[in-house]
Protein chains: 2
Amino acid sequence: MKKYLEILKKCALFADIDDEKLIKMLTCLGAKVAAFDKKYTVFAEGSAAKYIGIVLSGTVQIVQVDYYGNRSILSEMGTAEVFAEAFACAEISSIPVTVIANEPCEVMLIDCSHILHTCENNCGFHQQLIFNLMKDLAKKTILFHQRIEVTSKRTTREKLMTYLAIQAKKAGSDSFNIPFDRQELADYLEVDRSGLSAEISKLRREGVIKCDKNRFTLL
Amino acid sequence: MKKYLEILKKCALFADIDDEKLIKMLTCLGAKVAAFDKKYTVFAEGSAAKYIGIVLSGTVQIVQVDYYGNRSILSEMGTAEVFAEAFACAEISSIPVTVIANEPCEVMLIDCSHILHTCENNCGFHQQLIFNLMKDLAKKTILFHQRIEVTSKRTTREKLMTYLAIQAKKAGSDSFNIPFDRQELADYLEVDRSGLSAEISKLRREGVIKCDKNRFTLL
DNA sequence: TAAAGTATGTTGAATTTTCAACAAAAGGAG
DNA sequence: CTCCTTTTGTTGAAAATTCAACATACTTTA
């Protein structure tokens, strides 16, 4: 586990916990590491909501796929970010989303019940972990609000511009990369891919944005 | 505060805390009660994200209103439900939503920093409160997933049917009341009101649903 | 009770999206 | 480098949404 220490220290779940303690903790929590190739399923929809995941390398996507195969991308998680925590913490039986590896990646899996319920060793770090989990969940909720702000817009153009404005603000610059290809961006914005491509071209012709691959510039 | 005890006991925030302790706790937390008439603003967008709210009577709506005045209803909270906790817990400076009284209502307001940070009296209930907050936030996240499942659908018909199916499941019956009027339902589903009315009529004519005011029946 | 205001249903025109099909460009494997 | 696959852009037709305007039903209150 030591090789992952530098990454885990950046993880919000382990904020305010010192290195030495962190290593011990991982053993006590029964943390496991798993690797997945690109496109492989980390958690399948309907599987038990038991584990909290932490991205150690690569990225994973949280997606919902409906009856007709329509995909909706809820979020993308990169290094040191936590995923599936809401399902495990809410103690629901199965998860309503699919988590897939967006590129080759390693993830750490922790049985959430080990975090929530005090163990026989009475390790004494559960409180800090629960506090950190709470903060993490609060921040995730804020991200959902942001996503709704984007997808509640009625036209592809408005959705795209709202999304880009948020990304620019996040990057602190009018020029920034987005973590999605065209199809993924469409699945995040909840619009048709070809319509999105057309709208991007239109905005480019109008001189509103510049765009090269997944790098956008607001003009 | 005693008059609200029966309501507060039902509040998830105070789960596993006994009556006597709860009363003391409220004083220590500096809980205040405020009343609002219908349509009045409980929290305005942009105001400080300081307080957690608990509905004591009536209902409040969490809404986002964009630059052009388009309203989007994120959720509606009834008796004993908690709201605005995510913003307070994430310790962001201002809230990105508006909370309005949907009918005359009373709400309890608690300064979140009193929950998150141990007080000088060292009351010892913070841990339980934080645990409860974490569970509450996890459940809110699940509700957001559900809302996205609804609004990610591309047509008014699909959005409506997905929403009604979830409500039926929640009610445990094919017949149920929804907490929205037509305009509010449209603002929740992110669709046009008149289009929604037309779609409801169509579904009724086709014999897919029955509907009287805000009572729906799936056939 | 009457009047005024609010909510709901209906309709047609304008706008926008979706869908399908294809062309062009980019990327990867051998 | 070439072939094959994937991604992106383009287009037109069909479908759906939005918008505006109005009729009707329901509520509130004076």
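This short talk describes how chains A and B of a predicted model meet each other and how they meet DNA strand C.

Some conventions come first. In this predicted model, local features need pLDDT of at least 70 and side-chain atom pairs count only at pLDDT 80 or more, while totals for chains, interfaces and linings use all residues. Residues are numbered from 1 along each chain as its sequence is written, chains are lettered from A and ligands numbered from 1 in the order in which they are written, and side-chain values use heavy atoms, with hydrogens and water left out.

Let me begin with the two protein chains. Chain A and chain B each bring 37 residues to the contact, where contact means heavy atoms within 4.5 Å. The size of an interface is often given as the accessible area lost when the parts come together. Here about 3,400 Å² is buried between the chains, and carbon and sulfur atoms give 68% of that area; buried area is the accessible area (1.4 Å probe) that two parts lose on being put together, summed over both. Of the area that chain B buries against chain A, Met134(B), His145(B) and Ile148(B) supply 19%, more than any other three residues.

How many salt bridges cross this interface? The rule finds 4, a salt bridge being a side-chain nitrogen of Lys or Arg within 4 Å of a carboxyl oxygen of Asp or Glu. One salt bridge joins the side chains of Glu91(A) and Lys135(B), at 2.2 Å from N to O. On the side of chain B that touches chain A, α5(B) provides the largest share, 16 residues. Helices here are DSSP runs (H or I, at least four residues), numbered from the N terminus.

I now turn to DNA strand C. Around this strand lie 17 residues, and those that come nearest are Thr156(A), Asp192(A), Arg182(B), Ser197(B) and Ser201(B); a residue is near if one of its heavy atoms lies within 4 Å of the strand. The surface near the strand divides into 1 nonpolar, 8 polar and 8 charged residues. Charged means Asp, Glu, Lys and Arg; nonpolar means Ala, Val, Leu, Ile, Met, Phe, Trp, Tyr, Cys and Pro; the others, Gly among them, are polar. The most residues, 5, come from α8(B).

Which parts of the strand face the protein? Of its atoms within 4 Å of the protein, 62% belong to sugar or phosphate and the rest to bases. One phosphate oxygen is 2.3 Å from a polar backbone atom of Thr156(A). In the side chain of Ser194(A), an N or O atom is 3.3 Å from a base nitrogen.

Terms used. Polar contact = N/O pair within 3.5 Å; in protein donor to acceptor, adjacent residues only side chain to side chain. Helix = DSSP H or I, 4+ residues; strand = E, 2+ residues; numbered from the N terminus.
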